[in-house]
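Q: Please take a close look at a single part of this model, then set it against the rest of the fold. A plain account of contacts and surroundings is enough.

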Amino acid sequence: MDAASPSSSSMALPSLQPRNTLSKVSIFQHLTPPTTLIPSWACSTKPNNTLSPVSSKFPSFLRCSTKPDTSANSETQHNKQNNEPKSISKYQNAPEPDSSSEAFSSSPPSQSPHSSSSRGLVLDLGPSNSWDSADIGSPVVKRFLSDEEERWYMWYHGRAKGHPSSDLVGLAISSNGVHWERGGGPARSSSDVGFVMSCGKDWWAFDTGGIRPSEMVMMSSSRVRAPSAVYWLYYTGYGSDREEFSDHSLEFSVENPDGINGGVSCGNGKVLKSLPGLAISQDGRHWARIEGEHHSGALIDVGSEKEWDSLFISSPQVVYHGNGDLRMYYHSFDVEKGHFGVGIARSRDGIRWVKLGKIVGGGKGGSFDEFGAMSPCVTRNRSGGNYVMAYEGVAADGRRSIGIAVSPDGLKEWVRLQDEAILKPSDGGCWDDKDVGSPCLVEMDTEENEWRLYYRGVGSGGRVGIGMAVSEGRDIGSFRRWTGFHV
């Protein structure tokens, strides 16, 4: 989630992993160490002689088994004719914006960032004819540095007006992480911006009803025949099946996905089933799905009837922790306990996963997260060495705020940093005065050594957007909404 020091690795693309968690994994090729270099396809006009260019099209040599064989000798499986990746760069059935909306469009807030009503807002809804005019959220933000410039990338979900069930994943770019450029239509080339991924089209797939990005890591694997590292996008896929449960004691509606499809109250007890998925890309724009072992193509299934994650699995955030150790943090709703919770699974290859159980549940009575935690974002604190989790806390009345938990090893010893939220909804009349959630932490390496927190905000009038808050130096227990650069 941060830029780090250069390395002498031969890999062509930069890794986005924390600088102190990289090593060799038994079934992976050497993963790209963190670097401060911008990939050549990301530069606007300046050449970058230290990096090899990446093809502007999804590479023809990339092969992914539709049901990956992760055994040590599975390399021969890639030569089968039916092992072509399922490309999702053609945007079938996606809303077609007007031609005018496909051009680059700068997206500062509609009001001055210094205005109290728009404080912290960095990405508003798109124009009325764009793919993200009705809803945006789920920000996944990454940062690259070079000696000459700084580049930021944000993958996020969006939805067009008139398309209530057509989730798309898009890409916006920035030179400072504050002022973003986005496209109103599909990103057609490796230098374009716009939407880059649409829902699954196979009737049996788990992600035909909606998709939302959760995390992007850059890795190289013997399971994927490519000359260099590729982007691995972990995402939530929603199907058409509605899961039933009943809990009339709650004062709020449980929704999945959160914020669209008219989530149904607990009294009626129905939410959409969701599962975690994986897609890969060599340019961050043209994607192909990797089908997991579940019959729907998902990586893992929900738990059995009495298990805490039997309802759905959402927001799979994957972190590479070390040798043969990848960890997936995700959330579900614990029907037995009556609250949201965060669980963890582990993997050696990023495709086959083993669940370890719930690690964060409901908070103290009357707290901002009394009814649980969701949408986790985990990273390693470079200065302290411990692991930090930003999460969306749910109060008894359903109000959403953002909290912080810490762990010495990133496994089960998670403790809330404090009783108070690090970011609450704004005062009445502001763009995010109802809920704040879907946190994404970025640890900076500037002189101030601050953290940035990107989040989805919701206003009482139904307005949504993506905001940014910054920490008070290294103090991850105190964040303030961005109000402008200080000179």
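A: Leaving aside residues up to four places away in sequence, S426 touches R399, D432, D433 and R481. This is a predicted model, and the contacts are those of its coordinates. Two of these neighbours are also polar partners of the S426 side chain. The side chain of D432 is joined to that of S426 by a polar contact of 2.5 Å. With the side chain of R481, the side chain of S426 makes a polar contact of 3.0 Å. S426 lies in the loop between β20 (415-416) and β21 (435-443). S426 counts as buried because its relative accessibility is 13%, and the cut-off for buried is under 20%.

A second buried polar residue is E392, placed in strand β18 (residues 387-394). Its relative accessible area is 4%, so E392 is buried. The side chain of E392 makes a polar contact of 2.7 Å with the side chain of R400. R400 is also among the residues that E392 touches, not counting those up to four places away in sequence; the list further includes D258, G372, A373, M374, S375 and S401. V436, G437, S438 and P439 are touched by E392 as well. Between the C-alpha atoms of E392 and A421 the separation is 9.4 Å, while the two residues are 29 apart along the chain.

Next, the nonpolar interior. The largest nonpolar core has 44 residues, and those with the most contacts inside it are W155, M197, W232, Y234, W287 and W353. Strand β10 (residues 230-244) gives the most to this core, with six residues. Beyond four places in sequence, Y234 touches residues that include P213, S214, E215, V217 and M219. Others on the Y234 list are G277, L278, L299, P316, V318, G350 and W353. There is also a second, separate core of 21 residues, with I136, A172, W180 and M468 among them.

Strand β10 runs antiparallel to β9, and nine bridges join the two. Within this pair, M216 stands opposite L233 in β10. Strand β9 (residues 210-219) has 10 of its 10 residues buried, so β9 is largely enclosed by the rest of the structure.

An open sheet is formed by four strands in the order β13-β14-β15-β16, with antiparallel pairing. The edges are β13 (314-322) and β16 (354-360); each has a single partner strand, so one side of each is left without a neighbour in the sheet. From one strand to the next, the twist averages 30°. The partner of β16 is strand β15 (residues 339-347), paired in the antiparallel sense over five bridges. There, I344 stands opposite G357 in β16.

Finally, confidence. The mean pLDDT of the protein is 77, and 70% of its residues reach 70 or more. Over residues 1-113 pLDDT stays under 50, and the model has 316 contacts beyond four places in sequence for them. Residues 260-269 also have pLDDT under 50 throughout, with 28 such contacts in the model. Where pLDDT is low, the predicted coordinates should not be read in detail.

How values were computed. Residues numbered from 1 in each chain as written. Predicted model: local features only at pLDDT ≥ 70, side-chain atom pairs only at ≥ 80, totals over all residues. Heavy atoms only, no water. Buried < 20%, exposed > 50% of the residue type's maximum accessible area, 1.4 Å probe, protein only. Polar contact = N/O pair within 3.5 Å; in protein donor to acceptor, adjacent residues only side chain to side chain. Contact = heavy atoms within 4.5 Å. pLDDT = per-residue confidence, 0-100. Core = buried A, V, L, I, M, F, W, Y, C linked by side-chain atoms within 4.5 Å. Pairing = 2+ DSSP bridges. Axes fitted to C-alpha atoms, helices over the stretch in contact; angles between N-to-C directions.
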